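Student: I should like to work through a protein model with you, beginning with its sheet and ending with its charged pairs. May we take it step by step?

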Amino acid sequence: MPPTASTTLTDLLAHRHSARAFTDREVPREVIDDVLAKAQRSPSWCNTQPWQVHVLSGGARDRFSKALVESALGQGQDGEQGYDLGTPTYTGVHAERRRESGYALYAALGIERSDREARFLQSAKNLDFFGAPHVLVLTTDAELGTYGAVDAGGWLTVLMLLLAEAGVGSIAQGAIAMYSDVVRDFLDLGEDRRVVCAVSFGYEDAEDPVNAFRTSRAPMGEVVHHLTD
């Protein structure tokens, strides 16, 4: 859905999706700066504004991708992963939703569940930012712990909606945080920062079938609990 002057937040929430294929057309710097300036109005606990971002484009983006790929090849699939915010564990309904999302993605691409090589190659596109010309790395203040991470997540949601409003596709990538040691070294991050995730963004390739993939949402009854008495 191309945004218009009458596009509402409800429209953006209904139509925004994670883009996994991009054209090589760069987003103008003024558009990027405008989106980031607007995102700075995101709410945060006690107005702490713990988020900081590094935007990589051009040669910096390419060198970053190369560093991640080299680290992944050196570690192998069973290498130790270095999430700054703790390694997530998926069980129960969360594991089911994760599997459903993954299977739906592979189905959109015509990849059989048994084709481990094709699934690996698709996953490896994370490290080339799915071909996006820009990647943003989001970090938070270490000393703020969970609250800082929650605030950074709020900023992230606002950012992606603003990008959609500007006609720019994006995808949040927790996979980058698996290599937080590489990220920290490449960006020369101090011990006071924690890597949250990356956001790859650009103009999505509408012809690629991967961008027709959509995730489902849990029914209201599973997540909303009204108490009246």
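Tutor: The questions below concern a predicted model.

Student: In what order do the strands of the open sheet lie?

Tutor: The open sheet has four strands, and their pairing is antiparallel. Strands of a sheet pair through backbone hydrogen bonds, either parallel or antiparallel. The order of the strands here is S1-S2-S4-S3.

Student: Which strands stand at the edges of this sheet?

Tutor: An edge strand has a single partner strand, so one side of it is left without a neighbour in the sheet. That description applies to strand S1 (52–57) and strand S3 (169–173).

Student: By how many degrees are neighbouring strands turned against each other on average?

Tutor: The value is an average over neighbouring strands of this sheet, with direction ignored. It amounts to 25 degrees.

Student: How many bridges join S2 to S4?

Tutor: S2 and S4 run antiparallel, and within this part of the model aspartate 141 stands opposite arginine 193 in S4. On S3, which pairs with strand S4 (residues 193–202) over five bridges, glycine 169 stands opposite glycine 202 and alanine 172 opposite valine 199. For S2 and S4, the number of bridges is eight.

Student: Is S4 largely enclosed or open to the surroundings, and how many of its residues are buried?

Tutor: Buried means under 20% relative accessible area. S4 has ten residues, and it is largely enclosed by the rest of the structure because the buried ones number nine.

Student: Which helix packs on the sheet and touches S1, S2, S3 and S4?

Tutor: Two helices may be considered. Helix H7 (residues 180–187) packs on the sheet and touches S1, S2 and S4, its direction making about 85 degrees with that of S4. The other helix touches S1, strand S2 (134–141), S3 and S4, and its direction makes about 155 degrees with that of S2. The helix asked for is H6 (residues 145–165).

Student: Is serine 170 buried or exposed?

Tutor: Serine 170 lies in strand S3. Beyond its neighbours within four places in sequence, its contacts include Phe22, Met160, Leu163 and Val199. Its relative accessibility is 2%, and serine 170 therefore counts as buried.

Student: How far apart are the closest N and O atoms of lysine 38 and aspartate 34?

Tutor: These residues are four apart in helix H2 (residues 29–39), which means that about one helical turn separates them. Lysine 38 is partly exposed at 40% relative accessibility, and aspartate 34 is partly exposed at 38%. They form a salt bridge, with the closest N and O atoms at 3.1 Å.

Student: Which residue is linked with Arg61 and Asp62 in a network of salt bridges?

Tutor: Side chains of opposite charge can pair when their charged atoms come close. Arginine 61 is buried at 7% relative accessible area, whereas aspartate 62 is partly exposed at 44%; their side chains meet in a salt bridge of 3.2 Å, N to O. The network that links these two residues also holds Asp128.

Student: Is glutamate 191 buried or exposed?

Tutor: The side chain of glutamate 191 meets that of arginine 184 in a salt bridge (3.7 Å, N to O). Arginine 184 is buried, with a relative accessible area of 13%. Exposed means over 50%, and at 64% relative accessibility glutamate 191 counts as exposed.

Student: Which residues form a nonpolar patch on the surface?

Tutor: One member lies in helix H8 (residues 220–223), namely valine 223, which counts as partly exposed at 48% relative accessibility. Together the members have about 270 Å² of accessible area. The patch is formed by Met220, Val223 and Val224.

Conventions:
Residues are numbered from 1 along each chain as its sequence is written. This is a predicted model: local features need pLDDT of at least 70, side-chain atom pairs count only at pLDDT 80 or more; totals for chains, interfaces and linings use all residues. Side-chain values use heavy atoms; hydrogens and water are left out. Patches are made of residues with over 30% relative accessible area and no salt bridge: like charges are joined within 9 Å, nonpolar side chains (Val, Leu, Ile, Met, Phe, Trp, Tyr) within 5 Å. Accessible areas come from the Shrake-Rupley method with a 1.4 Å probe; for residues, only the protein chains shown count as cover. A salt bridge is a side-chain nitrogen of Lys or Arg within 4 Å of a carboxyl oxygen of Asp or Glu. Helices (H or I, at least four residues) and strands (E, at least two) are DSSP runs, numbered from the N terminus. Buried means under 20% relative accessible area, exposed over 50%, partly exposed in between (1.4 Å probe, protein chains only). Two strands pair if DSSP finds at least two bridges between them. Axes are lines fitted to C-alpha atoms, for helices over the stretch in contact, and angles run from 0 to 180 degrees between N-to-C directions. Contact means heavy atoms within 4.5 Å.
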